[in-house]
Amino acid sequence: MTDDRTAPAFPEPPRDDLAERLTEVFDLVGPLYRRVHRKVEEAAPIEGLSVGVRAVLDLLRARGPMTVPQMGRAQALSRQFVQRMVNDAARQHLVESVPNPAHRRSSLIRLTGPGRAAIGAVRARERALLRRVDGEVTMADVEACLRVLGAVHALFDDVDVD
């Protein structure tokens, strides 16, 4: 007698079929990223944040103070680009540089009060927009999406962005 509780709900597709379906993910992710980018830019006059500055603020909100190289690695962006975004955010008093006890020459960048408020307002607006996603999407769907994107992301961890 077999235990049906351990059997997969769907048979595993051949690896070539899986690879083909994963290319469809890329076909959606690129245009989706560009559309979200444009949507964030449309709202830039509201919060005064570019997409790059928004990304820096959100990363600092999630992970706490970081160095510019750490942020670059985390976002798969060049250190130079991240430095420009940090400089933009600093000019707006959204971030500040503080001494790094682990490395004297590489300061930590942290959010200021206005930076926390700005990224909080952006995220609240984005959550309000995302609440409008089709009601057919379940939390299990989102969990599966995150698992798949995480696995594909890990495949490209060795790509140098600097």
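With which side chain does the side chain of Asp-58 make a polar contact of 2.7 Å? The legends below take up this point among others, and they describe a predicted model.

**Figure 1. Overview of the chain and the order of its helices and strands.** In this predicted model, the chain has 7 helices and 2 strands. Read along the sequence, these elements follow the pattern α-α-α-α-α-β-β-α-α. The chain contains 162 residues, of which 25% count as buried. When contacts between residues at least 6 apart in sequence are considered, 56% of them join residues at least 24 apart. The accessible surface of the chain comes to about 12100 Å², and 58% of that surface belongs to carbon and sulfur atoms.

**Figure 2. Close-up of Asp-58 and its polar contacts with Arg-61 and Arg-123.** Asp-58 is found in helix α3. This residue counts as buried because its relative accessibility is 16%, which lies under the 20% cut-off. The answer to the opening question is Arg-61: the side chains of Asp-58 and Arg-61 make a polar contact of 2.7 Å. A polar contact of 3.2 Å also joins the side chain of Asp-58 to that of Arg-123. Leaving aside residues up to four places away in sequence, Asp-58 touches Ile-119 and Arg-123.

**Figure 3. Close-up of Glu-126 and its polar contact with Arg-54.** Glu-126 has its place in helix α6, which covers residues 113–130. With a relative accessibility of 18%, Glu-126 counts as buried. The side chains of Glu-126 and Arg-54 are joined by a polar contact of 2.5 Å. Apart from residues up to four places away in sequence, Glu-126 touches Val-40 and Arg-54.

**Figure 4. Close-up of helix α5 and its buried residues.** Helix α5 is formed by residues 79–91, which makes 13 residues. From its first C-alpha to its last, helix α5 reaches 18 Å, close to the 18 Å expected at 1.5 Å a residue. Val-82, Met-85, Val-86 and Ala-89 are buried in this helix. Seen down the axis of α5, the buried residues fall within an arc of 100°, and therefore they line one face of the helix. The cover over these buried residues includes helices α3 (51–63) and α4 (68–75), together with strands β1 (95–98) and β2 (108–111).

**Figure 5. Close-up of His-93, which follows helix α5.** The phi of His-93 is positive, with a value near 60°. The helix before this residue, α5, is made up of residues 79–91.

Definitions and conventions: Residues numbered from 1 in each chain as written. Predicted model: local features only at pLDDT ≥ 70, side-chain atom pairs only at ≥ 80, totals over all residues. Heavy atoms only, no water. Helix = DSSP H or I, 4+ residues; strand = E, 2+ residues; numbered from the N terminus. Expected span 1.5 Å × (residues − 1). Buried < 20%, exposed > 50% of the residue type's maximum accessible area, 1.4 Å probe, protein only. Arc of directions from axis to C-beta. Contact = heavy atoms within 4.5 Å. Polar contact = N/O pair within 3.5 Å; in protein donor to acceptor, adjacent residues only side chain to side chain. Areas by Shrake-Rupley, 256 points an atom, 1.4 Å probe, with all protein chains shown as cover.
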